[in-house]
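Colleague: I'd like a close look at how one pair of helices packs. Could you take me through it and then show me what surrounds it?

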Amino acid sequence: MVFAKRSLTLSKIQAGLGVGLAAFGIFVIFALSLLAGSSSAAVFLLPVSFMSLALLIFTMPIILLYVYDKNNGVLEYLLSLGWNQSDVFKQYLKAALLLALMLFTVEGVAILIAGAISGSTGVFILDSLMLFLTAFLGFSVVSLVTMAMMAFSSLQKQRVGANTPLGFTIGALFIVPTFYLSFIGFIPELIVVLALCLLAGGLSAGMFLLSSRLIRREKMLP
Amino acid sequence: MKNQVPALELNNVSSGYNEQVVLHNINFKLQEASIYVVLGPNGAGKTTLFRTIAGILEPLSGGILFNGQNLTASARARTRINYLSQYNAMPEEMTVYDGLKFYSEIEGGDPDKAIDLLELDELKNKRFSDLSLGQKKRAAIAKVFLSERDLYLLDEPTANLDPAVSKEIRDIIVRLSKDRMILYSSHNLYEATDIGVYLILIKTGQVTMLDRISNIKPKNYRVGIKASSDITGIVDAKREGDYYVLSVSSPEEAGRALKKIVEGGILVTEMRQLDNPLQELFETSDAEKLQEGSKNSK
């Protein structure tokens, strides 16, 4: 919780952008649920994409915090207290997931309200599916990007920030395609999104499990 | 031996970064509560030595024992050590109190006690980023003294501080050093003689000397004398700025020269050793020879 709070103190702009994007996703869901009804199944991935991207942007401050803590010696001090690489990654990953959960809770409540207001069981089921997919895609991509950006942050030449382009590009590789999937049909879309979720989740889990070997301790020093 | 504390023992320790070896076969054993100044030029391996003892870097070979336990393997032994890096390692966006609380939740200890110890009461509600360099260092030292440890590793705690603040920090460390073993790194000779009881000299990744500073005797003393009139006719001295400078081989010889000057009817207003006694350690490549000299002069 402390790490999550600290990150928001450090970068309010990115957190604000995440909230804005989530609000837009919620707006799209309300528009689809109330105006298009069940016919919104054709574009059901659109709000999922927006809201997953919102979760990713909302958690970016954690990566900034990681690099910031690395540069000012906090990580070095934590290592001196007996932490290992996995302990360090776990703290920042937990903080990223906690932030994502905070925003997802708001998104989830909004989605369920939209489904309930529509009065249609079909729309409610569709909205619940969107909620489920947002959770799956959002959390798996947040985990992957957080792990990747921490792991690769030592590659950067400048000490001023995280390796945002590389880490963010990895996340974008998983989310951006979902914006363009609407033409391939409901079931194939679902399969592709679930496959992306599994791949992102699997990669992040693998990186976490291998973190002690993947990242040398000296890469965490200022 | 006075003030026994758990012994720190390094046996053939080599350490470094990636595949680059910085420390080569370091051996020493410390078992007295005291301030050990680790002295060496920039790049000698002081920080690598501290990081290795602190467990941040794993030794490439050799072993480190603290209180008889292997430091690399024993998490319990590591809890008896704390490390102040050259970076303050305090969350800059937090107040001093919140920063100390943040660490106390991880490593234990009492932020209020640390604030009292370092006299930080006036600063505790200020953001760390708003403090001066000296104030930041005091807060960072408070973090290290959050809980009682047996061994403190302080890596250049006065680097980049002005002389007055450096002195203040050193005084605090001397005050806190009672019954504790403190390894204090520096490349400043005057600081080393001011604060240190023992000297660990490190050069190109090797410990070349470990001895009491009081045992270190230079081969030559340059003594500066301010006098009421010319003394060059009485002793073999040269004028350098405000001083007549004498080169002697021992303090006793300087005393004899002073006696001659005074007996010659000249008023001596000041007499001081011009060079730091540790100066030669930096100049000579063979510190052991000097150590041998110091032992012979005992």
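Is the crossing of α6(A) and α7(A) left-handed or right-handed?

Modeller: The crossing of α6(A) and α7(A) is right-handed (the near helix is turned clockwise from the far one by less than a right angle; anticlockwise would be left-handed). Bear in mind that this is a predicted model, where local features need pLDDT of at least 70, side-chain atom pairs count only at pLDDT 80 or more, and totals for chains, interfaces and linings use all residues. Residues are numbered from 1 along each chain as its sequence is written, with chains lettered from A and ligands numbered from 1 in the order in which they are written.

Now the pair itself. Helix α6 of chain A covers residues 85-118, and helix α7 of chain A covers residues 121-152. They pack at an angle of about 165°, and their axes are 9 Å apart (axes are lines fitted to C-alpha atoms over the stretch in contact, with angles from 0 to 180 degrees between N-to-C directions). That is why α6(A) and α7(A) are described as roughly antiparallel (over 145 degrees; under 35 is roughly parallel, 65 to 115 roughly perpendicular, the rest oblique). Where the two helices touch, the contact of α6(A) with α7(A) is made of 20 nonpolar, eight polar and two charged residues (Asp, Glu, Lys and Arg are charged; Ala, Val, Leu, Ile, Met, Phe, Trp, Tyr, Cys and Pro are nonpolar; the others, Gly among them, are polar).

Step back to the chain that holds this pair. Chain A has ten helices and zero strands (DSSP runs numbered from the N terminus: H or I of at least four residues, or E of at least two). Its pattern along the sequence is α-α-α-α-α-α-α-α-α-α. Chain A has 222 residues, and 51% of them are buried (20 or more other C-beta atoms within 10 Å; 12 or fewer is exposed, in between is partly exposed; C-beta atoms are placed from the backbone). Take the contacts in chain A between residues at least 6 apart in sequence: 83% of these join residues at least 24 apart (a contact puts those C-beta atoms within 7 Å).

Next door is chain B. Here 20 residues of chain B are in contact with 17 residues of chain A. Both α2 (75-78) and α3 (96-107) of chain B supply at least two residues each to the side that touches chain A, and α3(B) gives the most, with three residues. That side of chain B has eleven nonpolar, five polar and four charged residues.

Chain B has ten helices and 14 strands, and 38% of its 298 residues count as buried. Its C-alpha atoms fill a box of roughly 70 × 45 × 35 Å along the principal axes. One spot to find is helix α1 of chain B (residues 46-53): eight of its eight residues are buried, so α1(B) is largely enclosed by the rest of the structure. Among those buried residues are L49(B), F50(B) and I53(B). Just after α1(B), G55(B) takes a positive phi of about 90°.

Two residues other than glycine are worth a click too. A89(B), in the loop between β6 (81-84) and α3 of chain B, has phi near 55°. With 23 C-beta neighbours inside 10 Å, A89(B) counts as buried. T204(B) has a positive phi of about 40° and lies in the loop between β9 (198-203) and β10 (206-212) of chain B. T204(B) is partly exposed, with 14 other C-beta atoms within 10 Å.

How values were computed
Two residues are in contact if their C-beta atoms, placed from the backbone, lie within 7 Å.
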